[in-house]
Amino acid sequence: MDEIVLLGINHKTAPIELRECLAFSHEETLTALETFKASAAISEVMVISTCNRVEILLATDNKTKAAETAKTYLSASKKLPVAKFEQALYTHCGDEAVRHIFRVAASLDSMMVGEPQILGQIKEAYNTAGLKKSSGVLLNRLLHRAFFVAKRVRSETGIGDHAVSISYAAIELGKKIFGSLEGKKVLLVGAGEMAELAVEHLLRNKSGDILVANRTFERGVKLAQKFKGQAVRFEEIIDCLQLVDIIISSTGSPDYIITRDQVKGIMRIRRNRPLFFIDIAVPRDIDPAINRLTNSYVYDIDDLQGIIEENIEERNREAIKGERIVDEAVIHFRQWYENLSVVPTIVALREKMDSIAKAEIKKTLQSLSHLSDQDRRAITRMASAMINKILHDPTRLLKSYEAHGKNSDHLNITRKLFGLDD
Amino acid sequence: MEIIILITIIFYLLSTAGYFAYLFRQKNYLQQTGYYLLAAGFLLHTIALAYAFIHSGNIPVKNLFETLSLACWSIAGVFLILQYKFKLKILGIYAAPLLTLVMALAYRLPKEPVQVENIYNNLWFVVHIIAVFVGEASFALACGVGLLYLVQEHAIKTKHHGFFFRRLPSLELLDATGYGCIIAGFTMLSLGLVSGFVYAKLVWGKFLSWDPKEVWAGITWLLYAALLHQRLIAGWRGRRAAVMAIIGFAAVLFTFFGVNFLLKGHHGEFTRW
C-alpha cells in the first residue's frame, strides 16, 4: 500500500539564498517529474516550487528509498551537496504530509497568512503533474481535497479579509469613508511606486478622473498619460482640492505641501464633502492637523502600517479556525485512505480461496472420471457457493470497520491469518 | 390582548438576539433572521393595535402604555422600511433593543385608559396622531444612525480600528441614511403639526392654545428645520449633522415625556399613568 510522503523547504526553514538554489523552473519540473516517475520506489509525484517553498509530494511503498531518491536528485540537479540543504529539509509522512499540503493550499503556512496566490500555484503544479501523468489515485484525491479545504477556509474564516499592504489598506479606508469609490476624483501629488500602486487600485475600483501634480510638469504629464488622467501644475494643488475627493501624496518636499488653513478654506467651498488624504511621503506632505477638521481624514504611512499590523493579527486569529477545518479534512482523508486498503485485502482473500478451490476440484475430478459434464459443473458451482458463504461475514466485517476508520488491526490479522502477504 | 403584546415583546427580544449575534458573528443569515423576527413582531403589534382600535373605537393613545406602544410600533415600521431601502443591516442593534426595552417597560404600566373629554375622532385627529408618531420614530432612528456615525467617525479619526470599524458601514451610507430619516421625520412632523392645528381650530375654535406641548413641538420642529436648512445651504453633513440628529431627538424626548411630567397642558392625559 502506497504512502504519501512530502519533502520540502520553505521560508521558515531556509533562507532566500537556499530557496533560490533549489527552486524549479517549469522545464526543470517537467524533467524532475520524468526522472522521479522512472524511479522504482516512487509511484506518484508532483513538484511545487514558489518563491517561498520547494516541495516534492510523493506516493511510495518504500518511503526511505523514495526520500533518498528525491534528495539525491535535488542534490544532483541543483549541484548542491545534500549536507547543504538537509538541515532545512523537512520530511512528512502520512497524516502529517496530508496536513501540510492542506495547510499550504489554504494559505495557513504562507509567509503572509491568507495570501491568495498559493492556491493558484499549487493548482498549476498539479496541472503540470497531470501533463506528465505523474499523479495517480492518491495524489489526485489529495489535491482535490486540498483545493476544497482551501476554498472552505477562505469562505468560512476571515483569513483573507483585511488588507495587508499599504495600498490596499488605503483603499479599504476609502471605502469606509466614501462607501463606494466609484467616480471619486483622485489627485496624485509627486510620484513613487507605492503611490502609483494605490492609484492603480483606485482605478480598479472605478474611481473617477485622476489629476497628477508634479514639481516637474513634464514628469506629471508622463505620469498622467499612464493613468489616462490630467496633469496640473504644482501651484494649482490647492485649487484642485475643490474638485477631488482623494489625495495621494508622495513627494520629497521637506515641508508640508498642504496645510490646515488651506483645507479649512476649501472645506467651506466643498460644502463639507469629505476629503481623504493618503500621505505616503517621509517627511510628511500633509499637515496632520488637517485630520482634526471635520470631514477630512489624514492617514500617513505609519497610520497605514499600524492598520496593517492590526489586520495581520486579525488574520492570525482567523487562521486558528482554518486549522480546525484542516484537522477535520485530514481525518476524512485518512478514512478514505484506509478504505482504499480494505478492498485489495478482500480481493486477495477471495483470490486465494478461489485458487485453493480450483486446485482441489481439479484433483478430485481427476479421480472421478465417471461423472458427467453436468455433475462436474455442479461440483464447481458448489465450491464457489461455499467460498461466497464463507467469505460473506469476514467481508462484511472488514467493510463495516472501514467505515469507522479503525480497520488497520483487522486488516493486519486477516492478512496474517490467511497468509496473504506471502 | 395582553398575551399578544407579550408575544410581540418576545419577538422583539428574539430579533435583538439575532442582531447581536450578527454583530459578533457577521453571518448574513443572522441579520436576516433578526429582520424577519422583527417583522413578525411588528405584524403582531399591528394586530394588537387594530384590536384595541376596534374595541374602543379610538386610536389607542389614552395612557402612557398605549402611547409608548404606538411609538414602538411606529419605530418598528419605519425601521423595516429603512432597512429595506438603505440596507443598513447593523442599525438593528439599535432599533431592536430599543423596541424590546421600551415595550417591556410599557408592559409593566397600568393599562386602564384615562377618560379624555373633548376628543372627536375625526380624520384630522387620526392624521395628527399617526403623522406625529411616524415622524418621531424617524427621528429616533436618525438619532441611532447618528450614534453609529459618531462611533465610526471616531474610529477613523483616531486610527484605532477596532471591533466596530469592521462591522459598521461607510460614513457616507450612515450620513445618507440619517439624512433620509430626518427628511422623512420632518415631513411627517410638519404634517402632524398642521393637522393638529386644523383639529384644534375645528374642535376648540383656535389654532394654537400655547399649550406647553405645542410650544415644545414647535421648538423641535424649528431645530430640525435649522438642521435641514444648514445642510442644504452650508453643507452641514457628517459629524455635525450626526450630533444635531442626537440633540434633535433629545428635544423630541423632552416634548414626549418631559412636558407631560414637568409641565401641564391638554396633552397631559395621554401619558398619564
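**Figure 1. Helix α4 of chain B and its expected span.** The expected span of a helix is 1.5 Å times one less than its number of residues. In this predicted model, helix α4 of chain B covers residues 92-107, 16 residues in total. From its first C-alpha to its last, α4(B) reaches 22 Å, close to the 22 Å expected.

**Figure 2. The buried residues of α4(B) and the helices around them.** Which residues of α4(B) are buried? They are B:Gly92, B:Ile93, B:Ala95, B:Ala96, B:Leu98, B:Leu99, B:Thr100, B:Met103 and B:Ala106. Here is a handy reminder for reading that list: an α-helix has 3.6 residues a turn, so residues three or four places apart point the same way. The buried residues of α4(B) pack against four helices of chain B: α1 (2-25), α2 (28-56), α3 (64-86) and α5 (123-158).

**Figure 3. The open sheet of chain A.** Follow the strands across and you will read the order β7-β6-β5-β8-β9-β10, six strands with parallel pairing. Why do β7 (230-232) and β10 (296-300) of chain A each have one side without a neighbour in the sheet? Both stand at the edges with a single partner strand, so one side of each is left free of a neighbour there. From one strand to the next, the twist averages 20°.

**Figure 4. Two details of the sheet in chain A.** Strand β9 (residues 275-279) runs parallel to β10(A), and five bridges join the two. One residue to pick out is A:Asp279, whose bridge partner in β10(A) is A:Asp300. Elsewhere on the sheet, helix α10 (residues 217-226) of chain A lies across β6 (210-213) and β7. The angle between α10(A) and β7(A) is about 160°.

**Figure 5. Where chain A meets chain B.** The contacts involve 16 residues of chain A and 15 residues of chain B. On the chain A side, the elements that give two or more residues are α8 (166-178) and α13 (301-367). Sorted by class, that side of chain A has five nonpolar, six polar and five charged residues.

**Figure 6. Chain A as the setting for these close-ups.** Chain A has 15 helices and 10 strands. Its radius of gyration is 33 Å, well over the 22 Å that the globule rule gives for 422 residues, so chain A is more spread out than a compact globule. Along the principal axes, the C-alpha atoms of chain A fill a box of roughly 120 × 45 × 35 Å. Of the 422 residues in chain A, 38% are buried. Among contacts in chain A between residues at least 6 apart in sequence, 71% link residues at least 24 apart.

How values were computed. Residues numbered from 1 in each chain as written. Chains lettered and ligands numbered in written order. Predicted model: local features only at pLDDT ≥ 70, side-chain atom pairs only at ≥ 80, totals over all residues. Contact = placed C-beta atoms within 7 Å. Nonpolar A, V, L, I, M, F, W, Y, C, P; charged D, E, K, R; others polar. Pairing = 2+ DSSP bridges. Axes fitted to C-alpha atoms, helices over the stretch in contact; angles between N-to-C directions. Buried ≥ 20, exposed ≤ 12 C-beta atoms within 10 Å, placed from the backbone. Rg over C-alpha atoms; globule rule 2.2 N^0.38 Å.
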